[in-house]
Amino acid sequence: MTALPVYDAVMRVALDEAQLSGADVPVGAVVIDASGALIARAHNEREATGDPTAHAEVLAVRAAAAVLGEWRLSGCTLVVTLEPCPMCAGAIGLSRIDRVVFGAWNDEYGAAGSMWDLLRDRRLTHRPEVVSGVLAEECSALVREFFADRRA
C-alpha cells in the first residue's frame with residue numbers, strides 16, 4: 001500500500017518517541033482517535049523494565065485504552081515506526097484498532113505482511129486496514145543505525 005502524506009506528521013511524532021527507547025530497539029508508536037487527535041504515545045521499554053511485552057505498540061494500546069476508558073479502540077489508528085511483531089499484531093487485533101500505519105518493514109519478525117500477515121488473516125474476526133511505508137527510509141535508518149552501533 002502507498003504511504004499517505006496525511007500520516008507523515010504523526011509518524012514524525014512516533015520517530016521522536018522511538019528516540020526515547022534508550023538501550024532498546026528504537027521503536028515508537030502513537031495512537032490517534034477518529035478525529036486525528038493524539039491520545040497515546042509509547043516507545044520500547046523492554047530493557048528499561050525487564051518486561052518482554054513492553055513493546056511500543058502494546059504500551060501505546062494500553063495507554064489509549066486507559067485514556068478512552070475501555071479496551072475497544074474502534075475508530076483509532078496505531079502509527080508505529082516498525083512493522084508489528086506477532087505479539088503486537090495480536091494485541092492490535094484484540095483491541096479492535098481500525099488502522100495500522102507503519103514505516104519500516106520488519107524482515108525478521110514482521111506480522112503485517114513481511115514474514116506473516118496476521119493483521120489481515122481472513123480467519124480472524126477483526127482485520128484492521130494496514131498502511132505501510134510511511135517515512136520508510138527514516139524509520140529503517142533508525143533501526144539500522146541502532147544495530148550497526150551494537151555490532152561495531
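Where is Arg96 found? Arg96 sits in the loop between α4 (86–95) and β4, where helices (H or I, at least four residues) and strands (E, at least two) are DSSP runs numbered from the N terminus. The model is a predicted one, in which local features need pLDDT of at least 70 and side-chain atom pairs count only at pLDDT 80 or more, while totals for chains, interfaces and linings use all residues. Residues are numbered from 1 along each chain as its sequence is written, and side-chain values use heavy atoms, with hydrogens and water left out.

Although Arg96 is not a glycine, its phi is positive, at about 65 degrees. Arg96 is partly exposed because its relative accessible area is 28%; buried means under 20%, exposed over 50%, and partly exposed in between (1.4 Å probe, protein chains only). Leu135, also not a glycine, has a positive phi near 50 degrees. Leu135 belongs to the loop between β5 and α5 (136–151), and with 14% relative accessibility it counts as buried.

Val134 is likewise placed in the loop between β5 and α5. Val134 has a relative accessible area of 0% and is therefore buried. Between Val134 and Leu59 there are 21 Å in space, C-alpha to C-alpha, and the two are 75 residues apart in sequence.

Turning to the surface, Tyr109, Met115, Trp116 and Leu118 make a nonpolar patch of about 400 Å². Patches consist of residues with over 30% relative accessible area and no salt bridge, with like charges joined within 9 Å and nonpolar side chains (Val, Leu, Ile, Met, Phe, Trp, Tyr) within 5 Å. Accessible areas come from the Shrake-Rupley method with a 1.4 Å probe, and for residues only the protein chains shown count as cover. A salt bridge is a side-chain nitrogen of Lys or Arg within 4 Å of a carboxyl oxygen of Asp or Glu. Of the patch members, Met115 lies in the loop between β4 (99–104) and β5 (129–131), and it counts as partly exposed because its relative accessibility is 45%.

Finally, there is the largest pocket, which holds about 560 Å³ of space. It is lined by 21 residues, of which Val25, Leu82, Asn106, Val143 and Phe147 are the closest to its centre. A pocket is an open set of points on a 1 Å grid over the protein atoms alone, where a 1.4 Å probe fits, with protein on both sides within 12 Å along at least five of seven lines; lining residues have an atom within 4 Å of a point. α5 gives the most to this lining, with 5 residues.

Technical notes:
Grid points are joined across faces, edges and corners, and a volume is the space filled by probe spheres set on the points.
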